[in-house]
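Subject: The structure for you to look at

Hi,

Here is the structure I said I would pass on. Have a look at it in your viewer first, then read on.

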Amino acid sequence: MTASASSATQVEQAHQQPPDPQRTAEARAAFTAHLTSIGNTHISALEGRVSDIHHNSAAIAKQEDDVSRQTRKLAAESRKHQKVADDAAEKLKELGDIQNWAEVLERDLLVLEETMKMGEAGEDGWETEDEGSVGEGGLGRATMVQGRGQRLNASEGYGPPS
């Protein structure tokens, strides 16, 4: 007999012999233990990752709440700062209006002051246009004729001749 024929004969005999229940139970227990060991190796690594994921998820949720709360506070603070900036801009605008008004008033006062000085000094070159006497309810208007046709009017300031 050849080697392949004897091997085939042994296989046939193994199939023909009834399996030993004790050996089958041992083989089954060894196979189950091996699968459990492989599963436990993979499960322990995965359990660590799952634990980390749950822990990180809770930390991220807490951070999201903190960021949301801080964002609301920042928005409220931003509204307060915007109101202060708007108020300051309004005050600056009012200040500019007041400054402009003060400059106009100062210019008018300077014109009046100069007119009064010139009238009191009785300088030459002044013309008086009476529109009725002062005592009768009329107002006299003093105008100084200057070079190049310019006039200084007490009520109108500097300007071209009228």
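Below is what turned up in it, going from the overall layout to the details.

First, a word of caution: this is a predicted model. The mean pLDDT of the protein chain is 76, and 65% of the residues reach 70 or more. Confidence varies from element to element: α2 has the highest mean pLDDT, 91, while strand β4 (residues 157–159) has the lowest, 47. There are also two stretches to treat with care. Over residues 131–142 the pLDDT stays under 50, and the model has 19 contacts there beyond four places in sequence. Residues 144–151 are also below 50, and that stretch has 21 contacts in the model beyond near neighbours in sequence.

**The overall layout**

The protein chain has 2 helices and 4 strands. Walk along from the N terminus and you meet them in the order α-α-β-β-β-β. How much of the chain is buried? Of its 162 residues, 7% count as buried. The chain exposes about 13,800 Å², with carbon and sulfur atoms supplying 57% of that area. As for contacts between residues at least 6 apart in sequence, 16% of them join residues at least 24 apart.

**Helix α2**

This is the element to spend some time on. Helix α2 covers residues 21–121. From its first C-alpha to its last, α2 reaches 144 Å with its 101 residues, which is close to the 150 Å expected at 1.5 Å a residue. Which residues of α2 are buried? They are Val111, Thr115 and Met118. Just after the helix comes Gly122, which has a positive phi, near 65°.

There is something to see on the surface too. Ile98, Trp101, Leu105, Leu109 and Leu112 make a nonpolar surface patch of about 520 Å². One of these residues, Leu109, is found in α2, so you can start from there when you look for the patch.

**Salt bridges**

Now for the charged side chains. Side chains of opposite charge can pair when their charged atoms come close. The structure holds 4 salt bridges, and here are three of them to look up.

Start with Asp66, whose side chain meets that of Lys62 in a salt bridge, at 3.5 Å from N to O. Both residues lie in helix α2, 4 residues apart, or about one turn of the helix. Is Lys62 buried or exposed? Lys62 counts as exposed because its relative accessibility is 52%, and the cut-off for exposed is over 50%. Asp66 counts as partly exposed, since its relative accessibility is 25%.

Asp66 has another partner as well: its side chain also meets that of Arg69 in a salt bridge, here at 3.1 Å from N to O. Asp66 and Arg69 are 3 residues apart in helix α2, so about one helical turn separates them. Arg69, at 37% relative accessibility, counts as partly exposed.

The next pair is Lys83 and Asp87, whose side chains meet at 3.3 Å, N to O. They sit 4 residues apart in helix α2, so they too are separated by about one helical turn. Lys83 is exposed, with a relative accessible area of 53%, whereas Asp87, at 38%, counts as partly exposed. Going back to the earlier residues, salt bridges that share partners join Lys62, Asp66 and Arg69 into one network.

If you want a place to begin, try Asp66, with its salt bridges to Lys62 and Arg69.

Cheers

Terms used. Residues are numbered from 1 along each chain as its sequence is written. This is a predicted model: local features need pLDDT of at least 70, side-chain atom pairs count only at pLDDT 80 or more; totals for chains, interfaces and linings use all residues. Side-chain values use heavy atoms; hydrogens and water are left out. Buried means under 20% relative accessible area, exposed over 50%, partly exposed in between (1.4 Å probe, protein chains only). Contact means heavy atoms within 4.5 Å. Accessible areas come from the Shrake-Rupley method with a 1.4 Å probe; for residues, only the protein chains shown count as cover. Patches are made of residues with over 30% relative accessible area and no salt bridge: like charges are joined within 9 Å, nonpolar side chains (Val, Leu, Ile, Met, Phe, Trp, Tyr) within 5 Å. The expected span of a helix is 1.5 Å times one less than its number of residues. pLDDT is the predictor's confidence in each residue, from 0 to 100.
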